[in-house]
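Take a brisk tour of this structure by question and answer. Keep the view open as you read.

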Amino acid sequence: ELLSNGVFSYYIYNNSAVIEECIDDVSSIIVIPDRIGKHKVTGINEGAFSLCPNLKGFSSQNDRFTVINGILYTKDTLLCYPAAKSRKNYIIPPNIKRIADGAFVSNKSLEYIAIPSSVSEIGSEAFADCKALRTVILHEGITNIPDGTFAFCSSLENITLPDSAVNIGDAAFYECKSLPALNISDRIEKIGKMAFQGCTSFSEIYIPEKVTNISDWIFTVGAGLKTVKISSKNSEYKEENGIIYTKNGETLVFCPQNADIKQLNIPNGVKEIGEYAFNENKNLESVVLSDSVADISAGAFYNAAALHNITITESLQNIGEYAFFGCDSLGKTVLYTTVDKIGDGAFENCKNLTLYAAKGSAAYFYSKQNNVEFAVDETQPEVEIAKWSQGYIDWAESNGITSQISDYTAKLNYEGLCWLLVNLYESVKG
């Protein structure tokens, strides 16, 4: 059961009090008590003071916790560096082995932090939202940069990962807008979701040999990204002319948003343009698909604002949902009858688009249903719609059974089937 004394929320464990959270977010000095009521205070939850923006320092009545210059420690852990403490530079004492979760969170003044070689563990969100922080010195021995460690450190511009680091956690450098680059060595084994999201100053990034899943983070790196380099030993990916492909060359995975590529011929052998591969691309103007490309996946060219021309071959079969969403510059686009599936929103917000295709094709019906400008491609024969069903369709339409159906080539789900049967029953039985 969580209890409160008006200053702290706490719970009782083995007849001792453990502070869960400080609920006094106004005081500039917080006293760590020896007891709460009759219970000895034996522990403090990490991050207990993360919502104390006015906190300048601590004092302690408890021999389990040490306060030096207003900073709270246990024997070998830095528990909390106050959010409102005003010094700009701080060197962590050499006896400290661990920095607690959220230890420095939301400090307003720190610009420089040196972490000694004695520290082997940094807690999650340890420096999150330290908006003035510019430089961090890390030493060998640290293996993990955990979730959210430097998230929202918008001034951070100088940090070197130690060679001992093997993991970069989820959102570890989220919104580090001033960070121009990060040294990523081949010892890194995992990079977490959104690890570099919003790092708008990143122009180049390296994918080491052991990082074999990039789908959770590569698409979220800042829009300034121009170059991606990949270890030649990576088993899943390769880089060619600035673009990432799967190792077998069958999927085009990613093109950096700010890559210096205006015209692109998709190589033979590529079967699929991967999901969001050209998402938010700034410079790409023209794409020519090879005869091997059968699929353009969901969001493949999402908001590729400069794209004005794409040449599609008769090999293309599928265009995923939102594939060309927001491609304002895209003009005349020819689709062949081999394209038998076009996903929801595939050409939504394409203000200058005209689809050229055969009458009766999937593109023809898509255009009618989605108010997309359409023109008949005279070089393609009209797709003949089966005539055997026409009499049944005419009867069903005249009796209101199919009143909301305009495309009889669309797939029918269970709900649609039930709707038709109820309409039929009501029409026949009144």
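Q: Which residues form one aromatic cluster?
A: Start with the ground rules: this is a predicted model, where local features need pLDDT of at least 70, side-chain atom pairs count only at pLDDT 80 or more, and totals for chains, interfaces and linings use all residues. Residues are numbered from 1 along each chain as its sequence is written, and side-chain values use heavy atoms, with hydrogens and water left out. Rings of Phe, Tyr and Trp (its six-membered ring) pair if their centres lie within 6.5 Å; planes under 30 degrees apart are stacked, over 60 edge-to-face, and the rest tilted. One cluster is formed by Tyr81, Tyr90, Phe104, Phe127, Phe150, Phe173, Phe196, Phe202 and Trp217.

Q: How many aromatic pairs does a search of the whole structure find?
A: The search covers the whole structure. Its count of aromatic pairs is 21.

Q: What is the angle between the planes of Phe49 and Phe58?
A: Phe49 has a relative accessible area of 8% and is buried (under 20%; exposed is over 50%, partly exposed in between; 1.4 Å probe, protein chains only). Phe58 is also buried, at 6%. Their rings sit 4.8 Å apart, centre to centre, in an edge-to-face pair. The angle between the planes is 75°.

Q: Where in the chain do Tyr364 and Phe374 lie?
A: Their ring centres are 5.5 Å apart and their planes are at 75°, so the pair is edge-to-face. Tyr364 is buried at 16% relative accessibility, whereas Phe374 is partly exposed at 22%. Helices (H or I, at least four residues) and strands (E, at least two) are DSSP runs, numbered from the N terminus. The two residues are 10 apart in sequence, with Tyr364 in helix α1 and Phe374 in strand β34.

Q: Which strands do the buried residues of α1 pack against?
A: Helix α1 spans residues 362–370, and its buried residues are Ala363, Tyr364, Phe365, Tyr366 and Ser367. Contact here means heavy atoms within 4.5 Å. These buried residues pack against β32 (341–342), β33 (354–357) and β34 (374–376).

Q: Which residue with a positive phi follows α1?
A: The phi is near 55°. The residue that follows α1 with this positive phi is Asn371.

Q: Which residue makes a polar contact with the side chain of Asp24?
A: Asp24 is found in the loop between β3 (16–22) and β4 (29–32). Asp24 is buried yet has no salt bridge (a side-chain nitrogen of Lys or Arg within 4 Å of a carboxyl oxygen of Asp or Glu). A polar contact is a pair of N or O atoms within 3.5 Å; within protein, one must be able to donate a hydrogen and the other to accept it, and residues adjacent in sequence count only if both atoms are side-chain atoms. At 2.6 Å, the side chain in polar contact with that of Asp24 belongs to Ser27.

Q: Which strands are at the edge of the open sheet?
A: Two strands pair if DSSP finds at least two bridges between them. The sheet has 5 strands in the order β1-β2-β3-β6-β5, with mixed pairing. Each edge strand pairs on one side only; they are β1 (3–4) and β5 (35–36).

Q: Which residue in β6 stands opposite Arg35?
A: β5 and β6 (residues 39–44) pair in the antiparallel sense over 2 bridges. Opposite Arg35 stands Lys40.

Q: How far apart are the closest N and O atoms of Lys40 and Asp63?
A: Lys40 is in strand β6 and Asp63 in the loop between β7 (57–60) and β8 (66–68), 23 residues apart. Lys40 is partly exposed at 22%, and Asp63 is exposed at 68%. Both belong to a salt-bridge network with Asp34 and Arg35. The closest N and O atoms of Lys40 and Asp63 are separated by 3.8 Å.

Q: With what does Lys210 form a salt bridge?
A: Lys210 is partly exposed, at 44%. The closest N and O atoms of the pair are 4.0 Å apart. The partner of Lys210 is Glu189.

Q: In the hairpin of β22 and β23, which residue takes a positive phi?
A: β22 (residues 237–240) and β23 (residues 243–246) run antiparallel, joined by 4 bridges. Tyr237 stands opposite Thr246. The hairpin has 2 residues between the strands, and the one with a positive phi near 50° is Asn241.

How values were computed. Lys, Arg positive; Asp, Glu negative; His and termini not counted.
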